[in-house]
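Work through the following exercises with the sequence and the coordinates open. Each task is followed by a solution in steps.

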Amino acid sequence: MEQYKQEFIEFMVASDVLKFGEFTLKSGRKSPFFMNAGAYVTGAQLRRLGQYYAKAIHENYGEDFDVLFGPAYKGIPLSVATTIAFSELYGKDIRYCSNRKEVKDHGDTGILLGSSMKDGDRVVIIEDVTTSGKSIEETFPIIKAQGNVNVVGLMVSLNRMERGKGDKCALDEVKDLYGFETNAIVTMEEVVEYLYNRPCNGKIVIDDTLKAAIDAYYEQYGAR
């Protein structure tokens, strides 16, 4: 596993973004782990988060794109932090863009924040985690309405690797439905493999008991 992925897993745990225990998800599923990207709140955390996203995007999509699109609301700081990091790490200036939840009819009008998009633009979408594909369902038509725009791919921080609406995981469903590549900085499989019986910030996060609970969860909800 790449160094930045190992660092990112430890960063998620240290930032209290990835938690283990028992959580009831919006879907009603009882999960032994939970991710809340809203817990990245400091300048130092956002700077590092942007760097991890930039490295994963560069590894999967290279530099051959123009715009990083972050769906409102959580995608807005992600897109800003990552465009800054991309410029610092790779010397490539990409533009950031997000959507508003409501169309603004005065001043800086329209549905978009940040850069506008034009014919020929290549776009990478950035999100925290995709569980149902609902935000893509809402924002994909907005992106395509801007002109002859090519969506290169989607990058999320964590692939939960559980079934979405069907038997596949949400990222695979998005790929099948919209025809662009989908990737994550890390998968839950990589997280478990890395943290199992390994000290992280001085303690074992995933011990035998928690590993058994995670295995049982995937037995029931894991994607095929």
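The exercises below concern a predicted model.

**Exercise 1. Helix packing**

Determine how the axes of helix H1 and helix H6 are oriented to each other, and which residues make the contact.

Solution. Start with the axes: those of H1 (residues 3-14) and H6 (residues 188-195) come within 10 Å and cross at roughly 85 degrees. Angles of 65 to 115 degrees count as roughly perpendicular, and H1 and H6 therefore fall in that class. Next, list the contact residues. H1 contributes Lys 5, Gln 6, Ile 9, Glu 10, Met 12 and Val 13, while H6 contributes Glu 190, Val 191, Tyr 194 and Leu 195. Sorted by class, the contact of H1 with H6 has 6 nonpolar, 1 polar and 3 charged residues.

**Exercise 2. Burial of H6**

State how many residues of H6 are buried, and name them.

Solution. Buried means under 20% relative accessible area. By this criterion 6 of the 8 residues of H6 are buried, so the helix is largely enclosed by the rest of the structure. The buried residues are Met 188, Glu 190, Val 191, Val 192, Tyr 194 and Leu 195.

**Exercise 3. Aromatic pairs**

Count the aromatic pairs, then classify the pair Phe 33 and Tyr 217 and the pair Phe 140 and Phe 180 by geometry, location and burial.

Solution. Rings pair if their centres lie within 6.5 Å, and the count comes to 14 aromatic pairs.

- For Phe 33 and Tyr 217, the ring centres are 5.8 Å apart and the planes stand at 80 degrees; the pair is therefore edge-to-face. Phe 33 belongs to strand E2 (residues 30-35) and Tyr 217 to helix H7 (residues 208-221), so the pair ties together parts 184 residues apart in sequence. Phe 33 has a relative accessible area of 0% and is buried. Tyr 217, at 3%, also counts as buried.
- For Phe 140 and Phe 180, the distance is 5.9 Å centre to centre with 35 degrees between the planes, and the pair is tilted. Phe 140 sits in helix H4 (residues 134-144), and Phe 180 in the loop between helix H5 (170-178) and strand E8 (181-187); the two are 40 residues apart. Both Phe 140 and Phe 180 are buried.

Two further ring arrangements can be added. Phe 8, Phe 11, Tyr 40 and Tyr 52 are linked into a cluster by ring pairs. Lys 211 lies over the face of Tyr 196, 5.3 Å from the ring centre.

**Exercise 4. Backbone exceptions**

Locate the cis peptide bond between Ala 72 and Tyr 73, and describe the residues Asp 16 and Asn 197, whose phi is positive.

Solution. Begin with the general expectation: most residues other than glycine have a negative phi, and most peptide bonds are trans.

1. The bond joining Ala 72 and Tyr 73 is cis, with omega about 0 degrees. Tyr 73 lies in the loop between strand E3 (67-70) and helix H3 (75-90).
2. Asp 16 has a positive phi near 60 degrees. Its place is the loop between H1 and strand E1 (18-24). With a relative accessible area of 44%, Asp 16 is partly exposed.
3. Asn 197 has a positive phi near 55 degrees. This residue is found in the loop between H6 and strand E9 (199-200). At a relative accessible area of 41%, Asn 197 is partly exposed.

**Exercise 5. A distance**

Describe the setting of Gly 110 and its separation from Lys 175.

Solution. Gly 110 is in strand E5 (residues 110-114) and is partly exposed, with a relative accessible area of 23%. The C-alpha atoms of Gly 110 and Lys 175 are separated by 28 Å, and the two residues are 65 residues apart along the chain.

Note on methods: Residues numbered from 1 in each chain as written. Predicted model: local features only at pLDDT ≥ 70, side-chain atom pairs only at ≥ 80, totals over all residues. Heavy atoms only, no water. Axes fitted to C-alpha atoms, helices over the stretch in contact; angles between N-to-C directions. Helix = DSSP H or I, 4+ residues; strand = E, 2+ residues; numbered from the N terminus. Parallel < 35°, antiparallel > 145°, perpendicular 65-115°, else oblique. Contact = heavy atoms within 4.5 Å. Nonpolar A, V, L, I, M, F, W, Y, C, P; charged D, E, K, R; others polar. Phe/Tyr/Trp six-rings, centres within 6.5 Å; stacked < 30°, edge-to-face > 60°. Buried < 20%, exposed > 50% of the residue type's maximum accessible area, 1.4 Å probe, protein only. Lys NZ or Arg CZ within 6 Å of the ring centre and 35° of its normal.
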